[in-house]
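I set out to look up the main features of one protein model and to note each finding in turn. The entries are written for a reader who has not met this structure before.

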Amino acid sequence: SDPPPAIAVAFVLRCGGLPADAPERSEPLVLCTGVSANEARFRGPILALLAWFRHAERAYPTASFFCKADDDTFVHLPVILSHLRAIPAAAAPHAIYGTFSWWHVLQHP
């Protein structure tokens with residue numbers, strides 16, 4: 001039997017409110033969460049991220065790491081795998097790897 005893949009990929013979509021037969025729901029690499037696509041700009045992505053992590057824990061119980069990247073991110077898998085494998089086992093359950101970024105728009109009347 002083949003070993004499990006080093007990396008599994010899923011595109012996480014906010015499918016709440018879509019019909020049961022929506023094409024997005026049958027795509028093999030898509031995880032349709034119950035989060036509404038109409039959810040607020042700041043709340044929707046966070047709810048989808050939480051849905052992904054909850055799903056990932058159930059779907060991949062032996063995984064060492066769960067990751068999140070935007071759809072326009074270039075991911076160099078050999079480097080990421082190398083870095084993740086270098087994290088000491090004792091630190092791995094609490095490791096956060098990567099960059100967090102955000103934007104803020106100041107509005108003036």
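The entries below go from the overall chain to single residues and pairs.

**Entry 1: the chain as a whole**

I began by noting that the model is a predicted one. I then looked up the secondary structure and found two helices and two strands in the protein chain. Along the sequence, these elements follow the pattern β-β-α-α.

I next looked up how much of the chain is covered. The protein chain has 109 residues, and 12% of them count as buried. I recorded an accessible surface of about 9,200 Å² for the protein chain, with 60% of this area belonging to carbon and sulfur atoms.

I also looked up the contacts along the chain. Among contacts with a separation of 6 or more, 25% are made by residues 24 or more positions apart.

**Entry 2: the disulfide**

How many disulfides does the structure hold? I found a count of one disulfide. The disulfide joins Cys15 to Cys32, with an S to S distance of 2.2 Å. I noted that this pair links distant parts of the chain, as the two cysteines are 17 residues apart. Cys15 belongs to strand E1, which covers residues 11-16, and Cys32 belongs to strand E2, which covers residues 30-36.

I then looked up the handedness. The torsion about the S-S bond of Cys15 and Cys32 is about -55 degrees, and the disulfide is therefore left-handed.

Are the cysteines of this pair buried or partly exposed? Cys15 has a relative accessibility of 1%, so I entered Cys15 as buried. Cys32 has a relative accessibility of 21%, so I entered Cys32 as partly exposed. I also looked up Cys67, which counts as partly exposed because its relative accessibility is 47%.

**Entry 3: Thr33**

I turned to Thr33, which lies in strand E2. With a relative accessible area of 5%, Thr33 is buried, the limit for this class being under 20%.

Which residues are in contact with Thr33, its neighbours within four places in sequence being left aside? I listed Val12, Leu13, Arg14, Cys15, Gly16, Ala48 and Ala51. One of these contacts, Cys15, is also a partner in the disulfide with Cys32.

**Entry 4: the salt bridges**

I looked up charged pairs next. Side chains of opposite charge can pair when their charged atoms come close. I found two salt bridges in the structure.

In one salt bridge, the side chains of Glu39 and Arg43 meet at 2.8 Å, N to O. Glu39 has a relative accessible area of 24% and is therefore partly exposed.

Lys68 forms a salt bridge with Asp70, and their closest N and O atoms are 2.4 Å apart. I checked both partners for cover. Lys68 is partly exposed at a relative accessible area of 48%, and Asp70 is partly exposed at 45%.

**Entry 5: a nonpolar patch**

Which residues make the nonpolar surface patch of about 490 Å²? I found that Ile7, Val9, Phe11, Leu29, Val75 and Leu77 make this patch. I looked up one of them further: Ile7 lies in the segment before E1. The relative accessible area of Ile7 is 33%, so I entered Ile7 as partly exposed.

Key:
Residues are numbered from 1 along each chain as its sequence is written. This is a predicted model: local features need pLDDT of at least 70, side-chain atom pairs count only at pLDDT 80 or more; totals for chains, interfaces and linings use all residues. Side-chain values use heavy atoms; hydrogens and water are left out. A disulfide is a pair of cysteine sulfur atoms within 2.5 Å. Helices (H or I, at least four residues) and strands (E, at least two) are DSSP runs, numbered from the N terminus. Buried means under 20% relative accessible area, exposed over 50%, partly exposed in between (1.4 Å probe, protein chains only). Patches are made of residues with over 30% relative accessible area and no salt bridge: like charges are joined within 9 Å, nonpolar side chains (Val, Leu, Ile, Met, Phe, Trp, Tyr) within 5 Å. Accessible areas come from the Shrake-Rupley method with a 1.4 Å probe; for residues, only the protein chains shown count as cover. A salt bridge is a side-chain nitrogen of Lys or Arg within 4 Å of a carboxyl oxygen of Asp or Glu. Contact means heavy atoms within 4.5 Å.
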